[in-house]
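Reader: I am new to this structure. Please show me how to read its sheet and its pockets.

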Amino acid sequence: MEQRDGLYIVRHFIDNAFVDAVEEGTFETLNPATNRPIGVVADGTAADVDRAVRAARRAFDEGPWPRMPAAERARYLRRIGDLILKHAEEIARLEVLDVGMPIAQAGKGAIPRAAENFYFFAEMATRITGETYPKDGEFLNYTIRKPVGVAGLITPWNTPFMLETWKVAPCLAAGNTCVLKPAEWSPLSANKLAEIVLEADLPPGVFNIVHGFGERAGAPLVAHPGVQLISFTGETTTGMEIMRNGASTLKRYSMELGGKNAAIVFPDADLEQALDGVIWQAFSLNGERCTSNSRLLLHRAIYDGFLERLLDRVSAIRVGDPFDPQTEIGPLIHPEHWRRVRGYMDVARAEGAVIALGGDRPPHLPEGNYFAPTVIVDVRPEMRVAQEEIFGPVLVVLPFETEEEAIRIANDVPYGLAAYIWTKDLARAHRMAHALEVGMVWINAPNIRDLRTPFGGAKYSGIGREGGFYSFEFYTEVMTVHVALTPPRIPRMGIR
Ligand code: NAD
């Protein structure tokens with residue numbers, strides 16, 4: 001990527017060219033480990049969005065992309081997957097620099113997964129099918145799935161590259177074109193994807209990027225009449241705002257929103273596995289993860305013992321330079337987010353909870369947005385720290401006595417993204433899973449995901465599902481074709 005005076009130059013990507021903002025504005029992106037600038041980013045406005053949507057529209061209405069055989073589109077997608085793996089080290093480095101996620105977790109997890117998204121949806125593209133409804137030899141009705149048009153893809157700053165590919169791959173596989181609006185705090189790696197798209201030789205206008213802030217660049221994308229689809233991942237309140245904003249142009253939405261996910265541990269669980277799973281799911285990716293198990297529901301019979309072992313392990317988690325392969329937690333994304341997470345510590349104390357571990361900046365890391373892994377106890381379900389998404393390395397622990405009580409506590413939040421159940425009693429595990437008001441449940445495992453399965457949340461965690469064929473429910477238009485096999489009886493009008 002282009003650099004000037006040690007800063008990355010992050011332009012928009014429109015019609016296969018890197019371009020400055022129409023109004024020539026820029027903003028800086030910061031290194032979360034130091035809060036010093038690392039890049040100068042095009043500050044998108046409605047004029048840039050319009051330019052990008054027009055390019056995507058042209059590519060959709062006149063270009064080869066929606067018209068080529070699915071197998072040919074699949075070849076392009078596989079090429080993108082190959083190039084992601086070829087450039088994996090550079091992408092991981094950009095992601096760590098821009099976001100602060102530990103290199104071990106970017107390199108081994110998020111980046112290979114991004115390539116996998118392209119390989120997977122390349123294959124899926126060739127498997128889009130329709131349905132037939134034969135009717136007594138008189139009619140044959142059948143459905144076909146067509147691309148919808150131009151998609152606006154709006155993404156958050158946590159694991160940005162992986163989440164961007166999670167949207168871009170199925171969107172393009174189905175034959176749509178798109179405008180991606182990456183989060184303003186993490187713009188770097190999206191431009192690496194643009195370079196890869198160029199290297200893979202995609203037709204111009206198929207994939208476009210407009211950088212910028214939510215209100216100035218995201219909102220005009222949502223309101224643009226040339227855009228049919230909005231796939232959004234981010235905060236619930238932003239999702240609500242987007243739905244209001246797109247109502248007058250009748251957008252189709254996929255909404256992947258916040259979570260306050262519970263891990264529920266019973267005494268009969270493999271407690272060693274449960275401990276590993278709960279810690280990983282709460283503190284990996286700096287706790288900035290929508291499927292984090294940010295609430296731990298512990299059965300009273302094991303509360304003290306499990307908590308003691310948890311505190312011992314969490315206090316040994318290595319916080320530090322995200323480029324150090326030994327680091328397990330890096331800095332939070334931005335000082336503003338650090339203050340938000342830190343603010344919850346005061347909220348916890350004011351409500352009577354006890355911060356058993358962490359709760360502030362680790363003393364050995366005086367600069368950057370580092371936050372010590374934190375465990376909060378003496379928590380009641382109605383407290384704000386048990387209800388609201390903190391989105392940092394913060395775990396709140398609540399005791400329970402019965403299955404019914406665990407279900408009640410787990411369900412008693414506005415969100416409904418995921419839950420984790422740890423028990424060896426299979427019947428109980430299934431019973432619990434069915435009673436939980438969430439989109440996804442893992443039994444005796446952290447979030448290990450099969451790309452064929454539907455991903456998404458219930459309640460305030462989202463609308464719709466993506467993954468496998470569910471992605472094509474969103475990214476394709478279903479058309480029904482009715483064919484008469486014999487001349488049908490038609491009521492005759494206007495006969496003299
Ligand atoms: P955010 O809602 O602040 O921003 C997300 C994106 O929306 C950014 O690109 C932002 O610029 C844009 N945006 C903001 N206002 C907009 C507007 N009015 N119109 C159009 N676009 C607008 O979220 P964030 O802080 O970047 O990300 C963290 C949130 O994302 C957390 O709540 C987390 O749970 C959620 N998340 C959910 C999933 C999931 O799959 N359910 C996955 C990852 C993150």
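**Reading pockets and a sheet**

Author: Bear in mind that this is a predicted model. Start with a lining: the residues around the second largest pocket divide into 12 nonpolar, seven polar and six charged.

Reader: How is such empty space found, and what volume does the second largest pocket have?

Author: Rolling a probe the size of a water molecule over the atoms shows where empty space is left. The second largest pocket has a volume of about 620 Å³. Its lining counts 25 residues, with Arg113, Met162, Leu285, Arg289 and Asn447 nearest the centre. Helix H4 (103-125) and helix H5 (160-173) each give two or more residues to this lining. H4 gives the most, seven residues.

Reader: How many residues line the largest pocket?

Author: The lining has 33 residues; Trp157, Glu184, Gly234, Glu235 and Thr238 lie nearest the centre. The volume is about 870 Å³. By type, the lining divides into 14 nonpolar, 10 polar and nine charged residues. Helix H7 gives the largest share, five residues.

Reader: Now the sheet. What is the order of its strands?

Author: Read across seven strands: E16-E17-E18-E15-E14-E20-E21. The sheet is open, and its pairing is mixed.

Reader: Why is one side of E16 and of E21 left without a neighbour in the sheet?

Author: E16 (354-357) and E21 (440-443) stand at the edges, so each has a single partner strand. Neighbouring strands are turned by 25° against each other on average, direction ignored.

Reader: In which sense do E14 and E15 pair?

Author: Parallel, over four bridges. One bridge joins Ala262 to Arg295 in E15. Helix H11 (335-350) packs on the sheet, touching E16, E17 and E18.

Methods:
Residues numbered from 1 in each chain as written. Predicted model: local features only at pLDDT ≥ 70, side-chain atom pairs only at ≥ 80, totals over all residues. Heavy atoms only, no water. Pairing = 2+ DSSP bridges. Axes fitted to C-alpha atoms, helices over the stretch in contact; angles between N-to-C directions. Contact = heavy atoms within 4.5 Å. 1 Å grid on protein atoms, 1.4 Å probe; cavity = no way out; pocket = protein on both sides within 12 Å on 5 of 7 lines; lining within 4 Å. Points joined across faces, edges and corners; volume = space filled by probe spheres on them. Nonpolar A, V, L, I, M, F, W, Y, C, P; charged D, E, K, R; others polar.
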